[in-house]
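Work through the exercises below with the sequence and the structure at hand. Each task is followed by a solution in steps.

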Amino acid sequence: MPSAIIIGAGLSGLTAARKLHRSNWSVRLLETRDRIGGRIQTDAVDGFTLDHGFQVYLTGYKMAGQELDLPSLKLGVFPAGALIQTNGKRYRVCDPLRSPWYLAPKHAIETMLAPVGSFADKWNIAKFRQRVCSADEVQMLGVQQATARARLEQMGFSNRIIEKFFRPFFGGIFLDNSLSVSAGLMEFVFRTFSQGFAALPGNGMQAIPDQIASSLPSETIQLNTTVASVEEDRVVLSTGEPRTADCIIIATEEPTARRLLNSNTGSMKQQAAPAPCASTSCLYFSVENPPIREATLVLNGDGEGIINNLCFPSFAQPTYAPVGRALLSVSTIGHIEPTGEALLNSVINQLADWFGPSARSWQHLRTYRVPVALPNQSPESLATRSVHSRLSERVYRCGDYCESGSIEGAIQSGLKVADLVIRQRELVNL
Ligand SMILES: Cc1cc2nc3c(=O)[nH]c(=O)nc-3n(C[C@H](O)[C@H](O)[C@H](O)COP(=O)(O)OP(=O)(O)OC[C@H]3O[C@@H](n4cnc5c(N)ncnc54)[C@H](O)[C@@H]3O)c2cc1C
């Protein structure tokens, strides 16, 4: 039986492990942490379900949809559209055709009257959606030269709608509100949103990696095991212990993958330093009388203050809060400073500004800071990044940075590398 060592039990490593296991490979997943899931983790705190950073599963994901048993995740969905917080008020922007029928006329009027862009802008959003939904995915992702902002300007959107809607919306998704991600990726994500809904599993986002791991024999996964270096036919653990296998797959975050690859002294090419990753902080609060009784995303349309977006996820997925309470999730992006109390105070001050003094009594549950949240996805970074899955005869890699910084990208990358490993083995055996 051929053997593989996979470094990292995030979504990409788990997906690759499951595919290889199903193809009768002996697989060993080595994970540095004491739990699986990588960047998708969930804690249960006082009856609340807290994901490590605000994340959603998009029902429009094709590959992930095929790999996961979605019904057993018991997804709760968010309404389409967003509320834009600007000049002291909130305004709805949505596609009324995707609202429940009894709300559609009201939402259509609200959207048309929202002072966050002209009528032409709103019409343009509908055209944008129609165009991306019929575009070819490969072509879309192949066009990497332009930034999202340049593409939006080129499509004729006004500065007002870009600043008030697109900047905080895509900023929240890509964790970069300068709109400097690649235009192709922006279009791909806009399409995925348009073709489905954002959703949360009943047991939190970690139910996604947990589901994949549940089809692996328990002895496959070795937690609290850090790989210090990778060589052609073996890995060396931080304890100095070597482990050998027919093939090695590096499934860590991009900066660690680079460090491990550069630790080799053999035939593998040294890797250039990746551009800085996108980071975020997520603060959770328990709220007794929420000022908004829906899960719709609230976006910072003024661009002032530390909050980029917030929502009450427990209205989308009631298991996220105990009865009689709502869970508030607040996201800041790209902020390394301030931290601790200073960050909390800035957030509370802004919440009080948006929702009134009662926000000061909301109970802070936890703050999650995620410095390495998403790979850099600017056109320059994508153009220079080498994402070949095969690095040498026996060493491979996978991870979201090889495809796109998303659940879909991580799963796609895990499947791709496993396919390649299996194919190479078949060629050798011919
Ligand atoms: C805050 C946040 C919000 C997000 N929002 C969304 C969203 O809404 N929708 C969406 O689709 N995606 C979202 N994403 C992206 C998505 O979560 C990631 O793209 C995906 O989980 C990455 O999986 P991965 O396997 O590539 O990497 P990871 O999950 O990072 O897995 C890498 C694993 O390698 C392990 N490891 C590292 N070094 C070593 C070592 N030396 N030895 C052994 N193990 C090691 C790590 O501990 C980790 O478990 C978000 C991510 C974050 C952080």
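Helices and strands here are DSSP runs, a helix having at least four residues and a strand at least two, and they are numbered from the N terminus. The model is predicted.

**Exercise 1. The shell around the ligand**

Task: Find which helices and strands each supply at least two residues of the shell around the ligand, and describe the shell.

Solution.
Step 1. Start with the residues that come nearest: among the 35 residues around the ligand, these are Gly 8, Gly 10, Ser 12, Gly 38 and Gly 53.
Step 2. Assign the shell to elements. At least two residues each come from helix H1 (11-22), strand S19 (363-374) and helix H14 (407-429). The largest share, 4 residues, belongs to H14.
Step 3. Sort the shell by residue class. There are 16 polar, 13 nonpolar and 6 charged residues in the shell.
Step 4. Turn to the domains. Domain 1 (3-40 + 206-275 + 378-429) and domain 2 (42-78 + 197-204 + 278-374) each give at least three residues to the shell.

**Exercise 2. The domains**

Task: State which domains the chain is assigned, and describe the contact between domain 1 and domain 3.

Solution.
Step 1. The domain assignment gives domain 1 (3-40 + 206-275 + 378-429), domain 2 (42-78 + 197-204 + 278-374) and domain 3 (117-195).
Step 2. Between the C-alpha centres of domain 1 and domain 3 there are 32 Å.
Step 3. In the contact, domain 1 takes part with 5 residues and domain 3 with 9 residues.
Step 4. On the side of domain 1 that touches domain 3, 3 residues are nonpolar, 2 are polar and none is charged.

**Exercise 3. A parallel sheet**

Task: In what order do the 5 strands of the open sheet stand, and which strands are at the edges?

Solution.
Step 1. The order is S10-S2-S1-S14-S20, with parallel pairing.
Step 2. Strand S10 (221-222) and strand S20 (395-397) each have a single partner strand, so each has one side without a neighbour in the sheet; these are the edges.
Step 3. Look at one pair inside this order. Strand S1 (residues 3-7) and strand S2 (residues 26-30) run parallel and are joined by 5 bridges. One of the bridge partners is Ser 26 in S2, which pairs with Ser 3.
Step 4. Follow one residue of the nonpolar core. The largest nonpolar core has 119 residues, and Ile 6 is among those that touch the most other members. Leaving out residues up to four places away in sequence, Ile 6 touches Gly 13, Ala 16, Ala 17, Val 27, Leu 29, Ile 249 and Ala 251.

**Exercise 4. Two antiparallel settings**

Task: Describe the pairing of strand S15 and of strand S4.

Solution.
Step 1. Strand S15 (residues 278-287) has 9 of its 10 residues buried.
Step 2. S15 runs antiparallel to S19, with 8 bridges, and Leu 283 has Thr 367 in S19 as its bridge partner.
Step 3. S15 also runs antiparallel to strand S18 (residues 326-333), with 8 bridges. Here Ser 286 has Leu 327 as its bridge partner.
Step 4. Strand S3 (residues 42-45) and S4 run antiparallel and share 4 bridges, with Thr 42 opposite Asp 51.
Step 5. S3 and S4 form a hairpin with 2 residues between them, and Asp 46 in the turn has a positive phi of about 50 degrees.
Step 6. In a regular strand, side chains alternate between the two faces of the sheet. In strand S4 (residues 48-51), Phe 48 and Leu 50 lie on one side, Thr 49 and Asp 51 on the other, and these residues are all buried.

**Exercise 5. Buried or exposed?**

Task: Decide whether Pro 242 and Ile 221 are buried or exposed.

Solution.
Step 1. Recall the cut-off: a residue is buried with 20 or more other C-beta atoms within 10 Å of its own, and exposed with 12 or fewer.
Step 2. Pro 242 is in strand S13 (residues 242-244). Pro 242 has 11 other C-beta atoms within 10 Å and is therefore exposed. Beyond residues up to four places away in sequence, Pro 242 touches Arg 234 and Val 236.
Step 3. Ile 221 lies in strand S10. Ile 221 has 21 C-beta neighbours inside 10 Å, so Ile 221 counts as buried.
Step 4. Apart from neighbours within four places in sequence, Ile 221 is in contact with Ala 9, Leu 29, Glu 31, Ile 36, Ala 213 and Leu 216. Ile 221 and Val 27 are 194 residues apart in sequence, yet 8.5 Å apart in space, C-alpha to C-alpha.

Methods. Residues numbered from 1 in each chain as written. Predicted model: local features only at pLDDT ≥ 70, side-chain atom pairs only at ≥ 80, totals over all residues. Near = placed C-beta within 6 Å. Nonpolar A, V, L, I, M, F, W, Y, C, P; charged D, E, K, R; others polar. Domains from an automatic or database assignment. Core = buried A, V, L, I, M, F, W, Y, C linked by C-beta atoms within 7 Å. Contact = placed C-beta atoms within 7 Å. Pairing = 2+ DSSP bridges.
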